[in-house]
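This report describes how the chains of one model are built, working from overall composition down to a single strand and its neighbours.

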Amino acid sequence: MSKPSATQVADPWGPQQLGGSGRLQVADLRRLASNAEGLCYWLVVAPLVALLPASLAYRIACWRGDWVYRRWSEKRSEIAFNLRELLGDELGPGETERLTRDYFRFTSCEVIDVMRLRGRAESLGKLVEIRGREHLDAALAGGKGAILCSAHFGSHISVSSLLHAGGYPLTTIGRWYWKYEAVLTAAERKFWDFVYARRVLRHRQRPNIEPWPGRVQVAAQAAAALRANEVVTICSDTEPLESDRPRAVEVPFLGRPAVLMPGVVTLARLTGAPVLMAFTHRAADYRHQVLEISPPVLMQGETATVFGRCVAAIETEIRTRPANWSYWASSDDLATMGLLPSVPLAGASAVSPEPVIGVPAAR
Amino acid sequence: MEAIINDYISKELVQDPPLLPLADDTSLLETGVLDSLSLLKLMLFVQERFGIVVDDVDLVPEHFDSVDAICRYLRSRAGQSAGQAGGRE
């Protein structure tokens with residue numbers, strides 16, 4: 001489960017942060033300061049701010065997002081580049097800058113969402129309108145569970161927790177990225193488990209089902225949840241792992257041929273569970289959100305055809321509300337999907353550690 | 001049982017023709033024949049053909065790495081089921 005690189009955490013004290021000479025340089029100091037700010041935001045500021053009235057809490061989150069936007073020029077450039085590259089014709093003057101700024105604001109707001117999952121998540125629940133609940137109820141009435149197919153879009157993980165807290169037994173297929181990135185330290189993994197995963201997983205029926213090479217049991221675990229008439233969520237915009245590429249399919253996505261995994265369709269066919277599209281987006285006031293659940297996706301046709309319907313729905317959502325999509329922050333991941341050339345963007349911080357920013361989502 | 005399992009895997013799950021004919025001791029994981037979704041297909045087939053439901057806790061690679069391993073596991077499950085049925089009587 002990982003939101004792309006905008007959200008990765010770096011060890012603020014690790015040796016990789018230092019300049020080549022071994023002495024602290026200006027850039028190193030700036031990065032140390034960014035990490036300190038990020039750690040402070042997750043550990044202290046956000047938990048306290050989340051206790052304030054929502055209008056004030058999310059306003060503070062936006063201020064913090066603006067501050068990060070101004071300071072982190074490399075990531076700002078990378079997001080703007082990716083937006084122009086994939087949506088160029090649709091973006092009016094100044095719109096790229098507005099969307100990029102919103103991206104940073106949303107990322108900060110998502111941390112507040114996580115903090116508002118405390119208790120039975122009522123404080124987040126008051127801010128989220130769920131539309132299409134009747135489709136989910138009808139799907140579960142069939143007795144074969146329901147698959148909510150989503151994307152790394154909006155505060156989807158927190159809102160999934162909210163659904164569970166609202167009475168729908170829900171499990172997510174997706175891996176926490178920090179468990180799998182070799183460059184992360186044990187301290188960083190513990191940090192994300194502590195500040196993030198434990199809060200989210202309180203509102204889940206089962207632990208995340210985490211796909212990874214050699215882990216052949218994941219589909220069967222998902223099938224077991226569906227057999228128990230539970231809800232399983234999966235993001236279908238995830239870039240494929242190298243080992244999965246032979247099973248990926250090429251589908252039109254954002255005007256390009258993308259390579260994505262159609263597992264959601266195969267799982268649905270094997271279990272008989274209906275697939276419903278589900279997207280969460282943030283309102284213009286930054287504090288209210290809407291979760292929209294669609295009627296079941298039409299399953300007639302080849303796997304690639306049905307999966308194409310899911311991807312088309314994801315694309316429509318991205319084009320309608322671009323700033324909510326997490327992948328703008330990672331040229332590397334977009335390249336792995338086939339949406340961008342694989343040559344790294346000059347100046348993008350694909351390799352170097354990045355400051356703590358927002359919520360790491362699930363892949 | 002080996003012949004039935006081998007036949008199903010060969011026809012439904014093997015996507016790389018050079019792997020055929022499939023030996024009963026060929027590693028299905030190392031050769032990439034079995035992934036998460038194909039294992040689920042196999043489980044559903046086993047359930048339908050032999051009436052054996054695979055427990056979640058048994059979903060480990062050792063039980064599914066070859067036709068031989070699968071059959072060993074299924075026989076042990078069938079034995080457990082028979083033992084439990086006998087115990088109830």
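The text below treats the two chains, then the sheet, the central strand and the core.

## Chains and their contact

The model is a predicted one. Chain A contains 12 helices and eight strands, and 50% of its 363 residues are buried. Chain B, by contrast, has three helices and zero strands, its elements following one another as α-α-α from the N terminus. The table sets corresponding values for the chains side by side.

| Chain | Residues | Buried residues | Contacts at least 24 apart, among those at least 6 apart in sequence |
|---|---|---|---|
| Chain A | 363 residues | 50% of residues | 78% of contacts |
| Chain B | 89 residues | 26% of residues | 59% of contacts |

Where the chains meet, 16 residues of chain A and 14 residues of chain B take part in the contact. On the side of chain B that touches chain A, these residues comprise 10 nonpolar, one polar and three charged.

## The sheet of chain A

Six strands of chain A make up an open sheet with mixed pairing, arranged in the order β1-β8-β7-β2-β4-β3. Its edges are formed by β1 (128-131) and β3 (170-173) of chain A, and because each of these has a single partner strand, one side of each is left without a neighbour in the sheet. From one strand to the next, the twist averages 25°.

Two helices can be placed against these strands. Helix α6 of chain A, residues 133-141, lies across β1, β2, β7 and β8 of chain A and runs at about 45° to β8(A). Helix α11 of chain A, residues 303-320, packs on the sheet and touches β2, β7 and β8 of chain A, with a direction that makes about 10° with that of β7(A).

## Strand β2 and its partners

Why can strand β2 of chain A be called largely enclosed by the rest of the structure? Five of the five residues in this strand, which covers residues 146-150, are buried, and it is therefore largely enclosed; the cut-off behind this reasoning is that a residue is buried when 20 or more other C-beta atoms lie within 10 Å of its own. The burial extends to both faces of β2(A), with Ala146(A), Leu148(A) and Ser150(A) on one side and Ile147(A) and Cys149(A) on the other.

Along the sheet, β2(A) pairs in the parallel sense with β4(A), residues 231-235, over five bridges, and Ala146(A) stands opposite Val231(A) in that pairing. With β7(A), residues 275-282, the pairing of β2(A) is also parallel, over three bridges. Here Leu148(A) stands opposite Leu276(A), while Cys149(A) has Met277(A) as its bridge partner.

## The nonpolar core

Residues of these strands recur in the largest nonpolar core, which holds 117 residues and in which Ile112(A), Ile147(A), Cys149(A), Ala222(A) and Leu276(A) touch the most other members. The largest share of this core, nine residues, is contributed by helix α4 of chain A, residues 95-115. Leaving aside residues up to four places away in sequence, Ile147(A) touches Val232(A), Ile234(A), Val264(A), Leu267(A), Ala268(A), Ala273(A) and Val275(A).

Helix α4(A) is itself mostly covered, since 16 of its 21 residues are buried. Its length can also be checked: at 1.5 Å a residue, the 21 residues of α4(A) should span 30 Å, and the end C-alpha atoms are 30 Å apart, which agrees with that expectation.

Definitions and conventions:
Residues are numbered from 1 along each chain as its sequence is written. Chains are lettered from A and ligands numbered from 1 in the order in which they are written. This is a predicted model: local features need pLDDT of at least 70, side-chain atom pairs count only at pLDDT 80 or more; totals for chains, interfaces and linings use all residues. A residue is buried if 20 or more other C-beta atoms lie within 10 Å of its own, exposed if 12 or fewer, and partly exposed in between; C-beta atoms are placed from the backbone. Helices (H or I, at least four residues) and strands (E, at least two) are DSSP runs, numbered from the N terminus. Two strands pair if DSSP finds at least two bridges between them. Two residues are in contact if their C-beta atoms, placed from the backbone, lie within 7 Å. A nonpolar core is a set of buried Ala, Val, Leu, Ile, Met, Phe, Trp, Tyr and Cys residues joined through C-beta atoms within 7 Å. Ala, Val, Leu, Ile, Met, Phe, Trp, Tyr, Cys and Pro count as nonpolar, Asp, Glu, Lys and Arg as charged, and the others, Gly among them, as polar. Axes are lines fitted to C-alpha atoms, for helices over the stretch in contact, and angles run from 0 to 180 degrees between N-to-C directions. The expected span of a helix is 1.5 Å times one less than its number of residues.
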